[in-house]
Amino acid sequence: MPVGLIALALGGFGIGLTEFVIAGLLPEVAATFDVSEAAAGWLITGYALGVVVGALALTAATTRLPRKAVLLALLILFIAGNLLSAVAPDYGLMLTGRIVAALCHGAFFGIGSVVAADMVPPNRKAGAIAIMFTGLTAANVLGVPLGTLLGQQLGWRSTFWAITLVGIVAFAGIAALVRVPRGSAGAGRLAYELRAFRSRQVWLSLLVTVLGFGGMFGAFTYIAYTLTGVSGFPASAVPWLLILFGGGLFVGNIVGGRFADRSVDRTLITVLAGLTVVLVLFALTARSQPATYAALLLMGAFGFATVPGLQTRVMSYAEQAPTLASSANIAAFNLGNAFGAWIGGLTISAGLGYTSPIWAGAAITVAALGVLLVARTVGGVNRAPATDPAPLPPVPVH
């Protein structure tokens, strides 16, 4: 395993921590700036919107630049955003810091996926992508609970100082350890990258990502209400139960990557079907605490086992120009997050109870499975043929 993958994973760890740790610190942040809960929530919503914009805009703006240099520049943006959050004197600058940090998120994972895949043989690409995303899962398993604890004990600003330090270490690691082969596909003209979106399979893959991840996230967004209002757990137990969910993310990411290296579509079909079953069983047994333990673990495992396969599928059908398509898929993950959360919120507002987001998540996952089966019918192969018989010569990147 190239040691540079660990450096990419560390960058993913810092970005994942930035995205998720704020949820546990919102009351403290709101009290500091004397804003309402709804206003504080924009520190999460604004970040998500920043991810989508950055994934597309920054990737498009840097298509002709060496990928390693772009990754380092993105980490500088990440460090600056979190530093601004750590020292922000008012809510407006805090929100600005969150958005600045978010801009690097999608482009980092999108370009990083291509770099990670270029560092290994073709039959290990999904596994390499999974290793990079291990940083994101580790952020959920360890980073968020520890970051929340640090913020509660030493003040929420200390958490953002710690994240800034993680960004600096990741920058140094990528600068020293990431090696991109000279013969690998380089960056090219934006118009060339956009040609990937002529592929029907790229669009179908993006839709599977929105629905597949949206199903899991729709159920997860309101999980605290389910755990306390249906399963009967005290609120103090929720952070520790989420560690169980995070452990499932970690295992699912690694296992999903290994199986996706054998067959992307078969793995995704199996995992999406498994996630549907888990969500249905969770909705039916949520009143049982032992069943809830198992459901949280399995929901995390099946939910994140989709990630390496979904990312690899998009890149394979955009093989001649994968960078922008890869970042677009990261944007699709975040659109799925927003879509799933919106649908889940509608079911609760309709008075259907705190298990209704889980049922909605199962339905969305079934839709993702249906789209994937349609994609298999119209495509029939895991890897698309080259879209350009005379591609641009690769730009050497280091």
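How are H8 and H11 oriented to each other, parallel or antiparallel? The axes of helix H8 (residues 200-221) and helix H11 (residues 264-285) cross at roughly 25 degrees, and an angle under 35 degrees counts as roughly parallel, so H8 and H11 are roughly parallel to each other. Keep in mind throughout that this is a predicted model.

## The overall picture

The protein chain is built from 14 helices and zero strands. Read from the N terminus, the elements go α-α-α-α-α-α-α-α-α-α-α-α-α-α, so to speak of this fold is to speak of helices.

The chain has 398 residues, and 57% of them are buried. Take the contacts between residues at least 6 apart in sequence: 85% of those join residues at least 24 apart.

## H8 against H11

Back to the opening pair. The axes of H8 and H11 come within 11 Å, and their crossing is left-handed. On the H8 side, the residues involved are Val208, Gly212, Gly215, Met216 and Ala219, and they meet Leu272, Leu275 and Leu279 of H11. Sorted by class, that contact holds six nonpolar residues, two polar ones and no charged ones.

## H3 against H6

Helix H3 (residues 67-87) packs on helix H6 (residues 156-177) with the axes 8 Å apart and an angle of about 165 degrees. Angles over 145 count as roughly antiparallel, and H3 and H6 are therefore roughly antiparallel to each other. The crossing here is left-handed.

The contact draws on many residues from each helix. H3 brings Lys68, Leu72, Leu75, Ile76, Phe78, Ile79, Asn82, Leu83, Ser85, Ala86 and Val87, while H6 brings Trp156, Arg157, Phe160, Trp161, Ile163, Thr164, Gly167, Ile168, Ala170, Phe171, Ile174 and Ala175. Split by class, the H3 and H6 contact comes to 17 nonpolar, four polar and two charged residues.

## H4 against H5

What about helix H4 (residues 91-118) and helix H5 (residues 125-154): at what angle do their axes cross? The answer is roughly 135 degrees, with the axes coming within 8 Å. H4 and H5 are therefore oblique to each other, and their crossing is right-handed.

From H4, the contact uses Phe109, Gly112, Ser113, Ala116, Ala117 and Asp118; from H5, it uses Lys125, Ala128, Ile129, Met132, Phe133 and Leu136. That works out by class to eight nonpolar, two polar and two charged residues.

## Nonpolar cores

The largest nonpolar core counts 100 residues, and Leu8, Met94, Phe133 and Met299 have the most contacts inside it. Helix H4 is the top contributor to this core, giving 13 residues. A separate core of twelve residues also exists, with Leu206, Val314, Ala318 and Ala328 among its members.

Phe133 is worth a click in your viewer. Phe133 is one of the H5 residues in the contact with H4. Leaving aside residues up to four places away in sequence, Phe133 touches Phe109, Ser113, Asn253, Phe304, Val307 and Ile330.

## Two alanines in H2

Ala55 sits in helix H2. Is Ala55 buried or exposed? Its relative accessible area is 0%, so Ala55 is buried. Ignoring residues up to four places away in sequence, Ala55 touches Leu103, Gly106, Ala107, Ser327 and Ala331. There is also a long jump in sequence to look at: Ala55 and Ala325 are 270 residues apart along the chain, yet 9.8 Å apart in space, C-alpha to C-alpha.

Ala48 is in helix H2 as well, but Ala48 counts as partly exposed because its relative accessibility is 27%. Ala48 pairs up with Arg98 across 50 residues of sequence, at a C-alpha to C-alpha separation of 9.6 Å.

## A positive phi at Asp34

Asp34 lies in the loop between helix H1 (4-33) and helix H2 (37-61). Which backbone angle of Asp34 has a positive value? It is phi, near 55 degrees, in a residue other than glycine. Why does that stand out? Because most residues other than glycine have a negative phi.

As for the surroundings of Asp34, the relative accessibility is 70%, so Asp34 counts as exposed.

Definitions and conventions: Residues numbered from 1 in each chain as written. Predicted model: local features only at pLDDT ≥ 70, side-chain atom pairs only at ≥ 80, totals over all residues. Heavy atoms only, no water. Axes fitted to C-alpha atoms, helices over the stretch in contact; angles between N-to-C directions. Helix = DSSP H or I, 4+ residues; strand = E, 2+ residues; numbered from the N terminus. Parallel < 35°, antiparallel > 145°, perpendicular 65-115°, else oblique. Left-handed = near helix turned anticlockwise from the far one by under 90°. Contact = heavy atoms within 4.5 Å. Nonpolar A, V, L, I, M, F, W, Y, C, P; charged D, E, K, R; others polar. Buried < 20%, exposed > 50% of the residue type's maximum accessible area, 1.4 Å probe, protein only. Core = buried A, V, L, I, M, F, W, Y, C linked by side-chain atoms within 4.5 Å.
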